[in-house]
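The following paragraphs lead the reader through a single protein chain, from its overall make-up to selected details. It may help to keep the structure in view while reading.

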Amino acid sequence: MLTAAEVRHPHRRRRSPYSDKQHYHEYILQRIEGYKNSIGRDELLRLGDEAASELQATSEGQFVLTEVLMLESVDRLIMKRLSLRPYRRWRQQFLRLRAAQRTPTHWGVEPNCPLTALLPRIEPEDTVTFLADDLGCVERVESKMAEEALSSVFESFVTQLDQPLPAFMSFLAGFDIVVLDPEGLVDLSARDRAKLIQDLQQRSRPQGVHVILPSCPALAPDALRGMYEGWTQEEELKRRRRADSRRARGLILCKPVCPPDTP
């Protein structure tokens, strides 16, 4: 789910936009921590010994080695090993990356995918929350977001989709865009699937949208359309579906301002 200014009523931003330098420092920290997590304890201890030796050689006994100094020295050694760019060179690449991220091809998204129509609505400070019931899947997405320097506007959680959504979600603001991958829903019972979708619908703001991807032949987007009583289909995608009915199409459904009448 993405917060998109074009489909929301004005409200206070959750956070101030990150500066380029903040993105850079976060990028460096993530690469260093990722490297530490990728090596064994023995290698990490060897790094500590190397850092201590360098500090002692350069300080000539002028100060006492502290934990903070050791950590900083280890981090500098890792930066050298990873050949991490200085800020100025990194920023040039960062700006090119940000421009590329607004194109569907950067993410492997086809031009006729429903997500393509939503990319222009996303603003730099908007936040993505990713939910899945598979730890490996969540870790892969987290790693990709770190590579893309997007961790500052991304959060992910492992949760059981056949259970009520985690309690923390009660504290999140209403959703503006929810992207559903039917591949992750196909193994749920019809009852659990309906409960999950209903929960997400209730948490969505009026005029918010749900995107249902054409990712699973066993559970086509049209099979979920009946769960969206009162929701309207975006006209742009309707035209695309009519223009090429031979290929699978997703759905973009818009929540009404007022809920449908209930008997």
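Two strands are said to pair if DSSP finds at least two bridges between them. This term is needed below for strand 4 and its partners. The model described here is a predicted one.

The overall make-up comes before the details. The secondary structure of the chain consists of eight helices and six strands. Read from the N terminus, the elements follow the order α-α-α-α-β-α-β-β-α-β-α-β-α-β. The chain has 263 residues, of which 39% count as buried. When contacts between residues at least 6 apart in sequence are considered, 73% of them join residues at least 24 apart.

Strand 4 is a suitable place to begin the closer inspection. This strand covers residues 204-212, and seven of its nine residues are buried. One of its partners is strand 3, residues 175-180, with which strand 4 pairs in the parallel sense over five bridges. Within this pairing, Val-179 has Val-211 of strand 4 as its bridge partner. The connection between the two strands can be followed along the chain: the path leaves strand 3, passes through helix 6 (residues 190-203) and arrives at strand 4, forming a right-handed β-α-β crossover. Strand 4 also pairs with strand 6, residues 251-254, in this case in the antiparallel sense and over four bridges. Here Ile-212 stands opposite Leu-251 of strand 6.

The aromatic residues offer a second theme. A pair of aromatic rings is described by the distance of the centres and the angle of the planes. The structure holds six aromatic pairs. In one of them, the ring centres of Tyr-27 and Trp-90 are 5.9 Å apart and the planes stand at 35°, so this pair is classed as tilted. Because Tyr-27 belongs to helix 1 (residues 20-38) and Trp-90 to helix 4 (residues 87-100), the pair ties together parts of the chain that are 63 residues apart in sequence. Tyr-27 counts as buried, since its relative accessibility is 12%, and Trp-90 likewise counts as buried, at 4%. Both residues belong to one aromatic cluster, which is formed by Tyr-24, Tyr-27, Tyr-87, Trp-90 and Phe-94. Tyr-87, a member of this cluster, has Lys-21 lying over its face, at 5.4 Å from the ring centre.

Another contact region can be examined through Met-79. This residue is found in helix 3, which spans residues 67-82. Is Met-79 buried or partly exposed? With a relative accessibility of 26%, Met-79 counts as partly exposed, because the buried class is limited to values under 20%. Apart from its neighbours within four places in sequence, Met-79 is in contact with Ile-28, Ile-32 and Leu-84. Met-79 and Leu-29 are 50 residues apart in sequence, while their C-alpha atoms are 9.7 Å apart in space.

The cysteines conclude the account. How many disulfides are there in the structure? The count comes to zero, where a disulfide would require a pair of cysteine sulfur atoms within 2.5 Å. Two cysteines can nevertheless be described by their surroundings. Cys-113 counts as buried, with a relative accessibility of 15%. Cys-216 is buried as well, with a relative accessible area of 7%.

Terms used. Residues numbered from 1 in each chain as written. Predicted model: local features only at pLDDT ≥ 70, side-chain atom pairs only at ≥ 80, totals over all residues. Heavy atoms only, no water. Buried < 20%, exposed > 50% of the residue type's maximum accessible area, 1.4 Å probe, protein only. Right-handed = clockwise from strand over helix to strand, strands pointing away. Phe/Tyr/Trp six-rings, centres within 6.5 Å; stacked < 30°, edge-to-face > 60°. Lys NZ or Arg CZ within 6 Å of the ring centre and 35° of its normal. Contact = heavy atoms within 4.5 Å.
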